[in-house]
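Let's take a walk through this one together, from the metal site outwards to the helices and a few odd backbone spots. Have the model open beside you as you read.

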Amino acid sequence: MLNKSKIIAHRGASKYAPENTIAAFKKAMELGSDGIELDVQLSSDGHIVVIHDEKLERTSNGSGLVKDKTLKELRELDFGSWFSPEFKGETIPTLTEIMELLQDWEGLLNIEIKSGPVIYPEIEEKVVSLVNKFSNKNRVIISSFNHYSLVKIKKIDPDIKTGILYVAGLYEPWTYAKKLDAYAIHPLFYNIVPEVVFGCLENGISINTYTVDDPYMIKRISEIGVQGIITNVPDVALNAIN
Ligand code: G3P
Ligand code: MG
């Protein structure tokens, strides 16, 4: 009997609260998620901030690029009203704040480093150094679509778990994962086929797939035997697999 897939809230419980905000992370915990995924970038003064887009327009009342604003400038923006008036005044979190918030939580934290098209100098060093300040390091996975970032992370600290994000149907991805000394692959869910799942299982590589919101798909993917399912609707996913 395979273990149940862990349900990982994508950008927090982002169907129910504005993505990548404290409200979304609290909601994810409240719904019983097994993990939380979030995205990080750097402010112009080098703080690690939690936000998905490189641009501010979609999820705040600001404009321009994250990389051009200081943390103080970013903090003045409203990251809640675009989603619903109920969340007016929600601010951009720093990764430090979220690590503090989740410190005593048993769940998994998946930190996705955004590294492209904007490349943030030393974001890998900063994230690793922060992760090492907290005691839940073994429950952290750092992922990225930029695999050079993941190799860099392992060079800085070989004990940190990394996850390889990708979209294409890679052939025997476990071979590549081993080359990068990665803990997991994080494929788009179209790539979850039994051959990949069994190959990874045989080779000791975990699979956390993104982003699956349809309960039928969640159930099917879970039954094939992936370790984690990244979803915007953790409540729906938990119902689907239980
Ligand atoms: O980490 C899974 C997923 O978040 C990757 O895509 O664009 O939603 O960050 P994106
Ligand atoms: Mg992400």
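A word on burial before we start: a residue counts as buried under 20% relative accessible area, as exposed over 50%, and as partly exposed in between, using a 1.4 Å probe and the protein chains only. Keep in mind that this is a predicted model, so local features need pLDDT of at least 70 and side-chain atom pairs count only at pLDDT 80 or more, while totals for chains, interfaces and linings use all residues. Residues are numbered from 1 along each chain as its sequence is written, chains are lettered from A and ligands numbered from 1 in the order in which they are written, and side-chain values use heavy atoms, with hydrogens and water left out.

Let's begin with His 10. This residue sits in strand S1 (helices, H or I with at least four residues, and strands, E with at least two, are DSSP runs numbered from the N terminus). With a relative accessible area of 10%, His 10 is buried. Its side chain makes two polar contacts worth clicking on: one with the side chain of Asn 232 at 2.8 Å, and another with the side chain of Arg 11 at 3.4 Å. A polar contact here is a pair of N or O atoms within 3.5 Å; within protein, one must be able to donate a hydrogen and the other to accept it, and residues adjacent in sequence count only if both atoms are side-chain atoms. Setting aside neighbours within four places in sequence, His 10 also touches Glu 37, Thr 211, Ile 230, Thr 231 and Asn 232, where contact means heavy atoms within 4.5 Å.

Arg 11 leads us on to Glu 19, since the side chains of these two make a polar contact at 3.0 Å. You'll find Glu 19 in the loop between S1 and helix H1 (22-30). Is Glu 19 buried or exposed? It is buried, at 12% relative accessible area. Not counting residues up to four places away in sequence, what Glu 19 touches is Arg 11, Ser 14, Ala 24, His 52, Arg 58, Thr 59 and Trp 82.

Now for the metal. Which residues coordinate the magnesium ion (ligand 2)? They are Glu 37 (OE), Asp 39 (OD) and Glu 112 (OE), at 2.0 to 2.1 Å. Donors are N, O and S atoms within 2.8 Å of the metal (3.2 Å for Na, K and Ca), and as water is not among the atoms, sites may look incomplete. Along the sequence, the donor residues follow the spacing E-x1-D-x72-E. Glu 37 is buried at 3%, and Asp 39 is buried at 0%.

Ligand 1 shares some of these residues: around it are His 10, Arg 11, Glu 37, Asp 39, His 52, Glu 112, Lys 114, Phe 145, Leu 165 and Tyr 210, each with a heavy atom within 4 Å of the ligand. An oxygen atom of ligand 1 lies 2.6 Å from an N or O atom in the side chain of Glu 37. Polar side-chain atoms of Glu 112 and Lys 114 each lie 2.8 Å from an oxygen atom of ligand 1. The protein covers 90% of the 290 Å² of accessible area that ligand 1 has on its own, with areas from the Shrake-Rupley method and a 1.4 Å probe; for residues, only the protein chains shown count as cover.

On to the helices. In helix H3 (residues 95-102), the buried residues are Leu 95, Ile 98, Met 99 and Leu 102. Seen down the axis, they fall within an arc of 100°, so they line one face of H3; the arc is that of the directions from the helix axis to the C-beta atoms. They pack against H1, strand S2 (35-42), strand S3 (48-50), strand S4 (108-113) and helix H4 (123-131).

Helix H9 (residues 234-241) buries Pro 234, Ala 237, Leu 238, Ala 240 and Ile 241. Their arc around the axis is only 160°, which puts them on the same side of H9. Among what covers them are strand S1 (6-10), helix H8 (215-224) and strand S9 (228-231).

Finally, some backbone oddities. Gly 116 and Pro 117 are joined by a cis peptide bond, with omega about 5°, and Pro 117 lies in the loop between S4 and H4. Glu 172, in the loop between strand S6 (161-166) and helix H6 (173-179), has a positive phi near 45° without being a glycine, and is partly exposed at 30%. Asp 181 is not a glycine either, yet its phi is about 55°; this residue is in the loop between H6 and strand S7 (184-187) and is partly exposed at 47%.
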